[in-house]
Amino acid sequence: MISGIVNSTLPKLINGFQHNVQIDLHTHSTASDGRLTPSELVSRAAASGVNVLALTDHDGTDGLDEAHCAAEHAGIRFINGIELSVSWNKRTIHLVGLNFDPDFSPLKAGIKGLRDFREIRAREIAHKLEKCGIQDAYEGAKAFSGGKMLGRMHFAQFLVKTGHAKNIRSVFKHYLVNNKPGHVTGNWATLENAVSWINNAGGIAVIAHPARYKLSRSKLRKLISDFVLAGGQAIEVVSGSHDVNEVKTMACHAHDFDLYASSGSDFHDPDFPWIRLGQLPELPKKCQPVWDLFL
Ligand code: AMP
Ligand code: MN
Ligand code: MN
Ligand code: MN
C-alpha cells in the first residue's frame with residue numbers, strides 16, 4: 001500500500017462512496033509555533049492528499065475557525081484539535097485533544113491559565129538569557145510569535161537570527177532545555193484537569209508522541225495508567241517522531257491498555273523536511289483507529 005494511505009475501516013466520506021483515508025491528526029499553524037497560517041496548512045494538506053486533518057496548536061484554539069473554513073473550500077474533513085501542555089511527575093507531557101467543542105467554558109478557562117503561564121515563562125526565559133549576555137530576547141521572541149502564543153520555538157528563531165545558534169535544532173541542544181541557559185521548568189495543567197477539559201468538551205484525549213519523553217518502559221506505563229484513570233482514551237501510535245520500532249511498541253501499549261490509536265505528523269514547518277505533512281505509515285493491524293470515534 002502507498003505510504004500515508006491508512007486503509008482502516010474505510011468510512012464513507014463523500015456521496016456514499018468509500019474512500020481511503022489519508023489522515024493527519026497532529027499539526028501546527030501560526031496560531032502557535034507553526035510556520036504556515038491555518039489556511040496555508042489546509043491547502044498544503046489537501047495538495048498532499050490528506051482528506052482528514054486536525055489542527056492541534058499548542059494551548060490554543062485560535063486557528064480552528066480559519067482552518068475549518070479553508071477545509072470546507074478544499075473539500076477535506078476538518079477535526080478540531082489542540083495540544084495541551086501538562087506537568088506530570090516533574091516532566092512536561094503533551095496531550096492532543098480531538099473533536100471537542102472549543103466554546104466549552106472550562107476548556108477556555110484552562111487554556112487561559114496555560115497562556116498566562118507562557119507569558120510568565122517567556123519573561124523568565126528572557127531574564128535567564130540576559131544573565132548570559134543575550135539581550136532583548138523577550139521582544140525578539142514576541143516578534144516571531146506575531147503577538148500570538150509565545151513558545152520556545154520563537155525564542156529559538158530569535159537565537160538563530162541573532163547568530164547565537166546555527167539552526168533551530170542546535171538551539172534545542174544548547175539552550176532552553178534542562179541544564180542549559182534559558183531553561184525554565186514547566187508549570188502546566190495537571191493530567192487530570194487536561195483530560196477532563198477535553199472529555200467534558202465532548203472530545204477525545206490522546207497522549208502525544210509518547211516515545212519522545214524518553215521514559216523507561218515502567219514510567220511510560222505509569223503515565224498511561226494515570227492517563228486512563230483520568231479518563232483518557234487514546235495514544236499516538238504513529239507519529240512523525242516515532243521510528244518503526246517505536247510504532248510497534250506503542251501499538252502494544254495501546255492494545256494492553258485498551259486505548260484507541262492515533263496518527264499525526266506533528267508538522268510545524270515546510271523547511272523541516274524530516275517531518276512531512278500527512279505522509280505517515282499505516283497503523284499496525286491490531287490497532288483500533290481513534291477516528292472510528294468521529295468519522
Ligand atoms: P513549548 O511548548 O513552548 O515549550 O515549546 C515546545 C515546542 O518546541 C515543540 O512543540 C517544538 O515545536 C519545539 N521543539 C522542542 N524540542 C525541539 C527540538 N529538539 N527541535 C526542534 N523543535 C523542538
Ligand atoms: Mn511546537
Ligand atoms: Mn508536542
Ligand atoms: Mn505538536
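This is a short talk on the metal sites, one helix and the nonpolar cores of a predicted model.

First, the conventions. Residues are numbered from 1 along each chain as its sequence is written, and chains are lettered from A and ligands numbered from 1 in the order in which they are written. Because the model is predicted, local features need pLDDT of at least 70 and side-chain atom pairs count only at pLDDT 80 or more, while totals for chains, interfaces and linings use all residues; side-chain values use heavy atoms, with hydrogens and water left out.

I will start with the manganese ion that is ligand 2. Its protein donors are Asp-33 through OD, listed twice, His-58 through NE2 and His-268 through NE2, at 2.1 to 2.7 Å. A donor here is an N, O or S atom within 2.8 Å of the metal, or 3.2 Å for Na, K and Ca; water is not among the atoms, so sites may look incomplete. Why is the arrangement around ligand 2 called irregular? The six donor atoms subtend angles of 53 to 163°, and that makes it irregular. For reference, four donors count as tetrahedral if all angles lie between 85 and 135 degrees; four count as square planar and six as octahedral if opposite donors are over 155 degrees apart and all others between 65 and 115; anything else is irregular. Ideal angles at a metal are 90 or 180 degrees for six octahedral donors.

Along the chain, the donors of ligand 2 follow the spacing D-x24-H-x209-H. Distant parts of the chain are linked here: Asp-33 lies in the loop between β3 (23–24) and α1 (38–47), and His-268 in the segment after β9 (260–264), 235 residues apart. Those labels are DSSP runs, numbered from the N terminus: helices are H or I with at least four residues, strands are E with at least two. Asp-33 is buried at 13% relative accessible area, and His-268 is buried at 12%. Buried means under 20% relative accessible area, exposed over 50%, and partly exposed in between, with a 1.4 Å probe and protein chains only.

Next, ligand 3, also a manganese ion. The distance between ligand 3 and ligand 2 is 5.8 Å. Glu-83 (OE), His-94 (ND1) and His-209 (NE2) are the protein donors of ligand 3, lying 2.1 to 2.2 Å from it. Their spacing in sequence is E-x10-H-x114-H. Of these, Glu-83 is in strand β5 (residues 77–88) and His-94 in strand β6 (residues 91–98), eleven residues apart. Both Glu-83 and His-94 are buried.

The manganese ion that is ligand 4 has four donors to name: His-26 (NE2), His-28 (NE2), Glu-83 (OE) and Asp-266 (OD), at 2.1 Å. They are spaced H-x1-H-x54-E-x182-D. His-28 sits in the loop between β3 and α1, and Asp-266 in the segment after β9, 238 residues apart. His-28 is buried at 0% relative accessibility, and Asp-266 at 6%. Ligand 4 is separated from ligand 2 by 4.8 Å.

One of those donors deserves a closer look. His-26 is in the loop between β3 and α1, buried with a relative accessible area of 0%. Its side chain makes a polar contact of 2.7 Å with that of Glu-236. A polar contact is a pair of N or O atoms within 3.5 Å; within protein, one must be able to donate a hydrogen and the other to accept it, and residues adjacent in sequence count only if both atoms are side-chain atoms. Contact in general means heavy atoms within 4.5 Å. On that basis, the residues His-26 touches include Glu-83, His-209 and Asp-266.

Now helix α3, residues 105–131. How far does α3 reach from its first C-alpha to its last? Its 27 residues span 40 Å, close to the expected 39 Å, where the expected span is 1.5 Å times one less than the number of residues. Among its buried residues are Leu-107, Phe-117, Arg-118 and Leu-129. The cover over the buried residues includes β5, α4 (137–145), α5 (152–161) and α7 (191–200). Just after α3, Gly-133 takes a positive phi of about 90°.

Last, the cores. A nonpolar core is a set of buried Ala, Val, Leu, Ile, Met, Phe, Trp, Tyr and Cys residues joined through side-chain atoms within 4.5 Å. The largest has 71 residues, and Leu-25, Leu-98, Leu-223 and Val-237 have the most contacts inside it. Strand β5 supplies the largest share of this core, six residues. A second, separate core of 21 residues includes Tyr-138, Phe-155, Tyr-175 and Phe-272.

Methods: Lists of a residue's contacts leave out its neighbours within four places in sequence.
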